[in-house]
Amino acid sequence: MTDKPMNDFDTLQIHAGAEPDPATGAVQTPIYQTTSYVFRDAEHAARLFGLQEVGYIYSRLTNPTIGALQTRMAALEGGAGAVCCSSGHAAQIMALFPLMMPGRNVVVSTRLYGGTITQFSQTFKRFGWSARFVDFDDLDAIKAAIDEDTRAIFCETIANPGGYVTDLDAIAEIANGAGLPLIVDNTTATAYLCRPIDHGATLVVSSMTKYLTGNGTVTGGVVVDSGKFDWSASDKFPSLSQPEPAYHGLNFHETFGPAAFMFHGIAIGLRDLGMTLNPQAAHYTLLGIETLSLRMAKHVENAQTIAEWLEKHPAVAAVTYPGLDSSPYKERAKRLCPKGAGALFTIKLKGGYDSCVKFVESLKLFSHVANLGDARSLVIHSASTTHRQLTEEQQVAAGAAPDVVRLSIGIEGASDLIADLDQALNAAS
Ligand SMILES: *Cc1c(COP(=O)(O)O)cnc(C)c1O
């Protein structure tokens, strides 16, 4: 079974991590709805707790359904290992936790999901961490923001609310030069459109809530480790490269090599932070991923068609889709996401804020929700919702100005979506 030919993305999304159930032969990965696992004997239990043997102890740490999903996500992103957790936001904490200490900082892009900006700028303070927001098109500003206390660089592949593509190769070069890991949030591209590890990322985080599950049923997050970062090259990452007091002095990097980050994430991150995914949610996500490539191809095809149509509509002032000739990020998108520039973008309405509100209320097929990456098309006015906690300056920098509406294009028929957009634009102008 282990020598199955599995090189194609389309094959990996169905088979990676999934073996027939050893007890029954069930072809679909069972939902292991259990909190704990019977130890063979006392010696077995002791070996599991000492990490001398890999196995199942308690579902806050490990669970076979979640294990299958971790293996699949690592395979799709081209990483050495993965840790799943309860949401995309949990994944961001889990990615940073082994690297950070009070007084340390991360250098981050100004163009991020609104919730991430709030998490980084407000909640991090409670941990004694700080985030330095920089325009990631200004490479010198990124270099200038890095200091002795910086422990990571963080950005999104295609930044939510859409339209901006980060030059991952250029950012990775800076991270590499500074001896720092680059963490990339790949939620809006998914591994199908872009694999950040191929462009130099150390860690890839994703909200599985979005395209990966793809049907708006569960929240989940994942951190995939490239396994390529040398945690021992400096003394900046003692939790990984030196004896870890939280795990009776175990040196994770020395003991587990390229799997160090993953073991740390499970043995300490999930153990002590407890942001664990549940097996039911892992099941929905595994099902969703089986059709990821088919869905993403349709998402990007619809998005391209609709963005081109919207750009010509008299009520529309601008469309930010990076697949358009008018986008300043068209070439970058082609290089990083050759299969398509995602399905998330904003439109600016000539009628301003009031028009945006009327437009959102007039749409019939698009659902007005705080989500993206669903099979159905979604709409939101970011400035009054997801980016509401931000100052107007932050909103504009994040691409969520008061006169723009964000669209997440689903996989319905493009002509129906266009008909709905047309009637709502006419009602709003
Ligand atoms: C939704 C989202 C998150 C947060 O994920 P949750 O699963 O909602 O916690 C993080 N980053 C991006 C780009 C997102 O779209």
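The following dialogue examines how terms are applied to a predicted model.

User: What should be known about the numbering and the model before the terms are applied?
Analyst: Residues are numbered from 1 along each chain as its sequence is written, and side-chain values use heavy atoms, with hydrogens and water left out. The model is predicted: local features need pLDDT of at least 70, side-chain atom pairs count only at pLDDT 80 or more, and totals for chains, interfaces and linings use all residues.

User: What are the domains of the protein chain, and how far apart are the C-alpha centres?
Analyst: Domain 1 covers 33-288 and domain 2 covers 292-428; such bounds come from an automatic or database domain assignment. Their C-alpha centres lie 29 Å apart.

User: How do you know that domain 1 and domain 2 are in contact?
Analyst: Contact means heavy atoms within 4.5 Å. By that rule, 36 residues of domain 1 are in contact with 43 residues of domain 2.

User: What is the area buried between domain 1 and domain 2?
Analyst: Buried area is the accessible area (1.4 Å probe) that two parts lose on being put together, summed over both. Here the value is about 3200 Å², and carbon and sulfur atoms give 61% of it. Pro161, Tyr192 and Tyr211 supply 26% of the area that domain 1 buries against domain 2, more than any other three residues.

User: Why is the pair Asp167 and Arg335 called a salt bridge?
Analyst: The term requires a side-chain nitrogen of Lys or Arg within 4 Å of a carboxyl oxygen of Asp or Glu. The closest N and O atoms of Asp167 and Arg335 are 3.2 Å apart, so the pair satisfies the rule. Across the interface of domain 1 and domain 2, the rule finds three salt bridges.

User: What makes helix α12 mostly covered?
Analyst: Helices are DSSP runs (H or I, at least four residues), numbered from the N terminus, and α12 spans residues 279-289. A residue is buried under 20% relative accessible area, exposed over 50%, and partly exposed in between (1.4 Å probe, protein chains only). Eight of the eleven residues of α12 are buried, among them Pro279, His283 and Ile289. What covers these buried residues includes α1 (9-15), α3 (64-77) and α13 (292-311).

User: Is His248 buried or exposed, and what is notable about its phi?
Analyst: His248 has a relative accessible area of 61% and is therefore exposed. Its phi is near 30 degrees, a positive value in a residue other than glycine. Most residues other than glycine have a negative phi. His248 is found in the loop between α9 (238-241) and α10 (252-256).

Conventions: Helices (H or I, at least four residues) and strands (E, at least two) are DSSP runs, numbered from the N terminus.
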